[in-house]
Amino acid sequence: MWEKFKTVCLIFLIITSILLTYRLWFSHPLLEEGTVPRYEYVYFTPPPSVYEIVQPVEAIFFSGDKTHLFRRGNSEYQRLWAQAWQVLTQKANLGKIRRNSNSELETALETATCRLVFPFHPALPLAFISDRQVAGDTKISKITFLWAEENYTVFLEGEEIFSLSLPDAAAIEALLPVKENPCIPLPSKFIFNADAGLVAMENDEGLLEERLLPNGSGSGIFNSNTASLPPGSWEINVSREIFVETGALLAQEISLERKNIGREELVKAFFLDLSLARRIEEKDGAVYFTDGEKGLRIYASGLVEYTAPRPENSFRRPLSYDLSLQKGVESQSIYGGFLPGTFLYDVQDAGAGCRMIWRRVINDLVLEGENAGCEILLEGQDVSFLRRNFLLAGTKIAARRPFRPFTEALCQALLLQQERLQEREGATLLSLRPVYYLPTGNEERAIPAWAVNFAETGTIYLHWSSLEPL
Amino acid sequence: MDFSRARTVLIGMFLFLNIFLLYQIWQDEGRGDFLLPGRKEEVSRLETALGTAGFTLDTSLPKGDMRLAHLVVEPWPFDAVELITTLQALWEKEEGPVPLVEGSKQGAGVAEGEIKYSCGGCNLLVKKEGLLVFTANSKEVLTPELDNQEDILNIAAAIIQEIPFMQDFVVDYFQKTEKGIVFHYRQGYEGYPLYGGYAELSCGEKGDRVLSLYRLKPCHLATQEREIISPAAALLRFLEAYEPETNEIKQAAGEKKSIIEISLGFYSHGYDAERWEIPPVWRIRIDSGEVYYVNAFTGNLER
């Protein structure tokens with residue numbers, strides 16, 4: 001009996017010693033031991049392929065006297081760029097890339113029977129195509145595929161000019177457009193004469209054409225503004241190649257819908273741990289999340305704004321251009337993802353980092369406006385600012401109507417900005433594009449518009465049908 | 001082998017081991033001075049850091065190993081006219097009918113988005129983020145030579161017991177100043193201090209009173225719990241953030257400061273919002289009157 005009691009007692013003591021040891025060992029974390037942060041790097045959408053990170057502004061095909069323009073969103077544009085990328089990366093011998101002079105390029109352009117041009121803004125890093133050691137930080141602003149007799153070449157233009165010989169016609173056969181969209185290049189100069197009601201177009205060789213200003217002689221647009229219009233001729237110089245369609249451009253107003261993103265997933269993407277983010281419901285319907293350092297505000301309209309004035313990673317040396325782009329698209333994939341038709345619209349230097357802006361193509365037109373698309377400020381490897389407002393096309397509000405002629409749009413832009421342009425009696429045109437405009441404060445509809453960008457005034461958006469400023 | 005003898009020896013050894021373990025647990029719970037070498041080292045590191053920063057720790061460290069969640073709060077709904085008439089009647093004790101209440105969005109000391117109410121000699125300034133500032137002249141003057149701490153705390157409690165809309169506040173601490181005495185009150189939620197909801201009553205020697213009231217409506221604890229940092233870790237983080245200021249003060253005063261309180265509660269500064277979450281914090285109070293809040297999740301100083 002006594003022995004049994006000793007056995008039970010011993011078992012009891014062994015068990016209690018195990019329990020007490022466990023309690024002593026695990027009950028007190030070390031002073032600086034914290035909860036291990038859990039990063040949930042879950043992509044909303046997979047990062048785009050390299051050839052989708054920077055896409056050309058447009059594709060222009062020259063064949064004899066005919067020129068065809070394929071803008072972003074056009075299916076032919078997408079096909080041509082995908083094929084061009086394939087040719088560059090798979091069929092061309094990148095090991096034989098060579099530097100060229102300007103005159104060599106000019107000679108090649110003169111002898112070519114056809115050419116396909118892809119201009120880039122922002123620039124395409126050569127490192128995306130070629131070996132990083134060879135490419136360095138070279139940025140490409142234009143890629144031109146040339147068809148000459150038994151000679152097929154591609155020129156890559158940036159600060160330097162590079163060329164690559166293509167093996168045979170079969171290699172670039174797929175780069176011949178299968179659709180048409182005739183266009184004309186803008187002349188190098190427009191002269192608006194309010195007194196005569198005429199617009200004259202000139203190139204380097206002299207007068208190309210004279211047209212009556214809109215609504216016949218006297219011009220409806222000029223008439224409505226003649227009181228404030230100074231007499232004489234006004235000039236618009238075209239600083240670079242700009243193409244416009246010869247056929248009618250049709251468009252219609254559309255309603256826009258909010259892209260719903262899982263709010264919890266979005267908050268998780270920005271914060272180390274969801275339990276660290278405190279939620280503040282603001283009086284205007286916005287919801288703000290903060291951990292005391294970073295702040296994420298989700299507005300009732302769906303707009304997302306994130307600021308992180310003190311990034312956790314102190315490494316803030318600017319990344320190279322190509323790495324910045326890759327980091328930018330990766331961040332975009334994590335913080336909400338890409339919608340179909342999203343493209344990199346602009347890249348700007350911003351002190352210790354770079355600012356990247358993405359826009360979307362809706363119904364073949366780029367949606368522009370202060371709150372359209374997404375903006376990311378990358379400092380070092382960290383996103384210190386993000387503003388995202390991707391919208392989806394909803395129902396069509398009105399019937400399709402043609403865009404007013406581009407000459408009328410230029411004339412109207414000139415008149416609207418005449419005070420600022422008075423000194424020079426003219427302006428320098430940087431770009432002219434048909435777009436969708438998202439009015440600030442009324443984000444429920446997109447209005448087709450001419451986007452006229454003068455070097456002196458910035459971009460002006462004009463209603464596609466009434467030419468009223470937006 | 002004599003199994004019976006072996007069992008007896010083993011019983012003795014395990015008994016000794018268990019007593020040692022129990023004693024160690026008892027020590028770890030703060031009821032003794034003995035520490036394991038690892039913990040001893042950490043505490044000594046904390047003491048060194050405190051000494052380097054010019055602090056002494058005049059309070060024991062509370063227990064910190066627990067899980068907490070954010071506290072969801074809303075702004076307190078109030079009727080400004082009712083509040084000012086109540087306080088006017090309580091403090092001014094004027095006989096006759098209650099004076100009319102006048103509200104103004106303009107005037108001296110009234111910023112944009114603020115409203116000032118007047119009722120007799122009592123004023124109420126409603127600030128944008130919900131802070132209420134009452135000023136009045138009370139008929140009751142506190143005796144300036146109050147010395148007994150308990151008496152002062154009893155007076156502080158008695159003052160708020162009279163005010164109907166501050167019944168759920170408790171006395172936090174008080175400070176004597178040149179012009180009188182300042183009582184600090186706070187709200188609470190489920191046994192935890194709610195430092196985010198507070199009241200400061202400044203009583204001048206001539207009966208002038210200023211009551212700053214920021215009251216919250218606590219709703220519930222958020223669902224997602226998380227382990228909080230220990231008070232020692234909070235102190236170390238506090239010292240990291242406080243160090244630059246300390247050097248200046250040390251040079252000026254040449255005196256050591258003393259940490260007189262470290263306690264766990266909920267705090268965030270005021271928001272002009274519908275509803276928000278406030279984090280658990282370690283409140284660190286210094287004998288100079290400075291109060292700091294260290295986020296008990298992130299270790300960041302809540303500014």
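A salt bridge is a side-chain nitrogen of Lys or Arg within 4 Å of a carboxyl oxygen of Asp or Glu. Keep that idea handy, as it comes up again and again below. One caution before we start: what you see above is a predicted model.

## Where the two chains meet

Let's begin with the place where chain A touches chain B. By the definition just given, three salt bridges are counted between chain A and chain B. One of them pairs K283(A) with D272(B), and their closest N and O atoms sit 2.7 Å apart. Which parts of chain A give two or more residues to the side that touches chain B? They are helix 1 and strand 16 (278–282) of chain A. Helix 1 of chain A makes the largest share of that side, with 13 residues.

How big is the meeting place? The size of an interface is often given as the accessible area lost when the parts come together. Here, chain A and chain B bury about 3,800 Å² between them, and 58% of that is on carbon and sulfur atoms. In terms of residues, 34 from chain A are in contact with 42 from chain B. The interface also has twelve residue pairs in polar contact, counting pairs where both residues have pLDDT 80 or more.

## A greasy spot on the surface

Now look at I11(A), I15(A) and L19(A). Together they make a nonpolar surface patch of about 300 Å². L19(A) belongs to helix 1 of chain A, which covers residues 2–26. Is L19(A) buried or exposed? L19(A) has a relative accessible area of 56%, so it counts as exposed, the cut-off being over 50%.

For a contrast, try F192(A), which you'll find in strand 9 (residues 189–193) of chain A. Its relative accessible area is 1%, and buried means under 20%, so F192(A) counts as buried. F192(A) and R211(A) are 19 residues apart along the chain, and their C-alpha atoms are separated by 9.8 Å.

## Salt bridges, here and elsewhere

Side chains of opposite charge can pair when their charged atoms come close. Over all chains, the structure holds 26 salt bridges. Here are three pairs from chain A:

| Pair | Closest N to O distance |
|---|---|
| E253(A) and R445(A) | 2.7 Å |
| E282(A) and R297(A) | 2.8 Å |
| K327(A) and E330(A) | 3.4 Å |

Take E253(A) and R445(A) to begin with. E253(A) lies in the loop between strand 14 (250–251) and strand 15 (254–258) of chain A, while R445(A) is in strand 28 (residues 445–454), so the pair ties together parts that are 192 residues apart in sequence. E253(A) is buried, at 11% relative accessible area, whereas R445(A) counts as partly exposed at 29%.

Next come E282(A) and R297(A), which join in a salt bridge of 2.8 Å from N to O. This pair links distant parts of the chain, with E282(A) in strand 16 of chain A and R297(A) in strand 18 (residues 295–298), 15 residues apart. At 18% relative accessibility, E282(A) counts as buried.

How many residues apart are K327(A) and E330(A) in helix 9? They are three residues apart in helix 9 (residues 321–334) of chain A, so about one helical turn separates them. K327(A) is buried, with a relative accessible area of 18%, and E330(A) is partly exposed at 25%.

Over in chain B, salt bridges that share partners join D172(B), R186(B), E261(B), R283(B) and R285(B) into one network.

## Some unusual backbone spots

Most residues other than glycine have a negative phi, and most peptide bonds are trans. With that in mind, a few places are worth finding in the model.

- H121(A) and P122(A) are joined by a cis peptide bond, with omega at about 0 degrees. P122(A) sits in strand 4 (residues 114–125) of chain A.
- D364(A) isn't a glycine, yet its phi is positive, at about 70 degrees. Look for D364(A) in the loop between strand 21 (353–362) and strand 22 (365–368) of chain A.
- E190(B) isn't a glycine either, and its phi is positive too, near 45 degrees. This residue is in the loop between strand 9 (180–189) and strand 10 (192–204) of chain B. E190(B) is exposed, with a relative accessible area of 60%.

Methods: Residues numbered from 1 in each chain as written. Chains lettered and ligands numbered in written order. Heavy atoms only, no water. Patch = residues over 30% accessible without salt bridge, like charges linked within 9 Å, V, L, I, M, F, W, Y side chains within 5 Å. Areas by Shrake-Rupley, 256 points an atom, 1.4 Å probe, with all protein chains shown as cover. Helix = DSSP H or I, 4+ residues; strand = E, 2+ residues; numbered from the N terminus. Buried < 20%, exposed > 50% of the residue type's maximum accessible area, 1.4 Å probe, protein only. Contact = heavy atoms within 4.5 Å. Buried area = accessible area lost by both parts, 1.4 Å probe. Polar contact = N/O pair within 3.5 Å; in protein donor to acceptor, adjacent residues only side chain to side chain.
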